[in-house]
Amino acid sequence: MDKFLSQKHCDRCGASLAKGRIMSMLNIACICMDCKKKERLDPLYEEAVKAELEEVKKGNYNYKGLKK
Ligand SMILES: [Zn+2]
């Protein structure tokens, strides 16, 4: 999680994270808000959200996402 807070650029597009950062739902990438918007349109997004919820219910808080 330290890297998540300290890194300066989006793992996906390389843009600055100065305007905000968020953890990807599809994997453990730290991405910018633009990429997050695009990610929501990914056909796997809904599935990824459900899968993450299921993992959390099972007590797995370190779920790595559907995509690698
Ligand atoms: Zn980005």
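Three helices and two strands make up the protein. Helices (DSSP H or I runs of at least four residues) and strands (E runs of at least two) are numbered from the N terminus. The order from the N terminus is α-β-β-α-α. The model is predicted: local features need pLDDT of at least 70, side-chain atom pairs count only at pLDDT 80 or more, and totals for chains, interfaces and linings use all residues. Residue numbers start from 1 along each chain as its sequence is written.

**Overall form**
- The radius of gyration is 12 Å, which agrees with the value near 11 Å for a compact globule of 68 residues. This radius is taken over C-alpha atoms, and the globule rule is 2.2 Å times the number of residues to the power 0.38.
- Along the principal axes, the C-alpha atoms fill a box of roughly 35 × 25 × 20 Å.
- Of the 68 residues, 12% count as buried. Buried means 20 or more other C-beta atoms within 10 Å of the residue's own, exposed means 12 or fewer, and partly exposed lies in between; C-beta atoms are placed from the backbone.
- Among contacts between residues at least 6 apart in sequence, 24% join residues at least 24 apart. A contact needs C-beta atoms, placed from the backbone, within 7 Å.

**Asp 11 and its surroundings**
- Asp 11 sits in the loop between helix H1 (2-6) and strand S1 (22-23).
- Asp 11 counts as partly exposed because it has 19 C-beta neighbours inside 10 Å.
- Beyond its neighbours within four places in sequence, Asp 11 is in contact with Ala 29, Cys 30 and Ile 31.
- Asp 11 and Cys 35 are 24 residues apart along the chain, and 9.5 Å separates their C-alpha atoms.

**Cys 35 in helix H2**
- Helix H2 (residues 33-40) holds Cys 35.
- Cys 35 is partly exposed because 19 other C-beta atoms lie within 10 Å.
- Setting aside neighbours within four places in sequence, Cys 35 is in contact with Cys 10, Arg 12 and Cys 13.
- The C-alpha atoms of Cys 35 and Cys 10 are 8.4 Å apart, with their positions 25 residues apart along the chain.

**Helix H3 and what follows**
- H3 has 13 residues and reaches 19 Å from first C-alpha to last, close to the expected 18 Å. The expected span is 1.5 Å times one less than the number of residues.
- Gly 59, just after H3, takes a positive phi of about 95 degrees.
- Asn 62 lies in the segment after helix H3 (45-57).
- Asn 62 counts as exposed because it has 6 C-beta neighbours inside 10 Å.
- Asn 62 and Ile 28 are 34 residues apart in sequence, yet 9.4 Å apart in space, C-alpha to C-alpha.

Methods. Contact = placed C-beta atoms within 7 Å.
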